[in-house]
Amino acid sequence: MPNPSLRFDIVTLFPEIFSGYLSQSLLAKAIERGLIDIQVHNLRDWSIDPKHHKIDDRPYGGGPGMLISVEPVIRCVHDVQAMNSTTGLVILLTPQGERLGQPRIEQLAPYGRLILLCGRYEGFDHRVVEILKPLELSIGDFVLNGGEVAAMVVVDATIRMVPGVLGDEQSSWEDSFSRGNRMLEFPQYTRPPEYLGHCVPEVLLSGDHQKIAQWRKEQSERRTRERRQDLLPGDDA
Ligand code: ADE
């Protein structure tokens, strides 16, 4: 089988968190078809403490919690890089990172290989950042218990960019935010045409494709204006 077009290496202290996610059908099919490959690595395997497999320590200068030590992370990334001939872009998931958005997601897939470092506790010894110079990404202005959920977000959004991952009938092309599109999606309906007095808008039942397209465009614009002023042209917030 040819090399997959996108390989992820996820470095985590909690590999089991990923098993349910990885077995979901869209992902499992993409892996089976050789389009993507996802390898999960337990950082504890690179502990320099053979007895207790410890990978964390108290911060210099005091303060609450524990930090992930520099040495296991550097050794781990070195070994993981060597597992494949494509050099992976190293990404560190952290609330201190660049806020993730669709333009960044679209840039990631062409790298071919992404190494995702998931933090826990109070984060990493800063020398991890100094030495590896990772792309630091945050999925939003809130603090998670670890980078694992954020790593899943990166995987989930990025694989949509890999040709063939989505079925023919699905497409990332018209996604909100894709390829410079900065409009929210219009509302959609399916059967029945009426439920508890709530009717599907007449125009969608009309069969007039031009009218339907116009209605959808208006709805998108209206939603965006009402909910996300910041996405409208001229507002670079
Ligand atoms: N780890 C903890 N919080 C995070 C966030 N908001 N984004 C990415 N990684 C995180």
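# Reasoning from values in a predicted model

Author: In this predicted model, the chain is divided into domain 1 (6–159) and domain 2 (184–231). The C-alpha centres of domain 1 and domain 2 lie 39 Å apart.

Reader: What makes D37 and R7 a salt bridge?

Author: The closest N and O atoms of D37 and R7 are 3.8 Å apart. A salt bridge requires a side-chain nitrogen of Lys or Arg within 4 Å of a carboxyl oxygen of Asp or Glu. The pair of D37 and R7 is therefore counted as a salt bridge. D37 belongs to strand β2 (residues 36–42) and R7 to strand β1 (residues 6–12), 30 residues apart, so the pair links distant parts of the chain.

Reader: Why can such side chains pair at all?

Author: Side chains of opposite charge can pair when their charged atoms come close.

Reader: Which residues are linked with R7 in a network of salt bridges?

Author: The network links R7 with D9, D37 and R113. Over the whole structure, a search finds 11 salt bridges.

Reader: Why is R7 called buried?

Author: The relative accessible area of R7 is 10%. Buried means under 20%, and R7 is therefore called buried.

Reader: How do you know that R127 and D125 form a salt bridge?

Author: The closest N and O atoms of R127 and D125 are 2.6 Å apart. This value lies within 4 Å, so the pair qualifies as a salt bridge.

Reader: Are R127 and D125 buried or partly exposed?

Author: D125 has a relative accessible area of 16%, which is under 20%, so D125 is buried. R127 has 39% relative accessibility; partly exposed covers the range between under 20% and over 50%, and R127 therefore counts as partly exposed.

Reader: What makes D230 and R228 a salt bridge, and how are these residues classed by accessibility?

Author: The closest N and O atoms of D230 and R228 are 2.9 Å apart, within the 4 Å limit, so the pair is a salt bridge. D230 is partly exposed at 26% relative accessibility. R228, with a relative accessible area of 32%, is partly exposed as well.

Reader: Which residues surround the ligand?

Author: The ligand is surrounded by L93, T94, P95, L137, S138, I139, G140, F142, V143, L144, G146 and A150. The largest share of this shell, three residues, comes from β5. Both β5 (89–99) and β7 (135–138) supply at least two residues of the shell. By class, the shell holds eight nonpolar, four polar and no charged residues.

Reader: How do you know that T94, I139 and G140 make polar contacts with the ligand?

Author: A polar contact needs a pair of N or O atoms within 3.5 Å. A backbone N or O atom of T94 lies 3.2 Å from a nitrogen atom of the ligand, so this pair meets the limit. For I139, a polar backbone atom is 3.0 Å from a ligand nitrogen, and this pair therefore also meets the limit. For G140, the corresponding value is 3.2 Å, so that pair qualifies too. Of the 260 Å² of accessible area that the ligand has on its own, the protein covers 96%.

Reader: Why is L166 called buried, and where does this residue lie?

Author: L166 lies in the loop between α6 (148–159) and β8 (194–195). Its relative accessible area is 11%, which is under 20%, so L166 is called buried. From C-alpha to C-alpha, L166 and T94 are 28 Å apart in space, and they are 72 residues apart in sequence.

Note on methods:
Residues are numbered from 1 along each chain as its sequence is written. This is a predicted model: local features need pLDDT of at least 70, side-chain atom pairs count only at pLDDT 80 or more; totals for chains, interfaces and linings use all residues. Side-chain values use heavy atoms; hydrogens and water are left out. Helices (H or I, at least four residues) and strands (E, at least two) are DSSP runs, numbered from the N terminus. Buried means under 20% relative accessible area, exposed over 50%, partly exposed in between (1.4 Å probe, protein chains only). A residue is near a molecule or strand if one of its heavy atoms lies within 4 Å of it. A polar contact is a pair of N or O atoms within 3.5 Å; within protein, one must be able to donate a hydrogen and the other to accept it, and residues adjacent in sequence count only if both atoms are side-chain atoms. Accessible areas come from the Shrake-Rupley method with a 1.4 Å probe; for residues, only the protein chains shown count as cover. Ala, Val, Leu, Ile, Met, Phe, Trp, Tyr, Cys and Pro count as nonpolar, Asp, Glu, Lys and Arg as charged, and the others, Gly among them, as polar. Domain bounds come from an automatic or database domain assignment.
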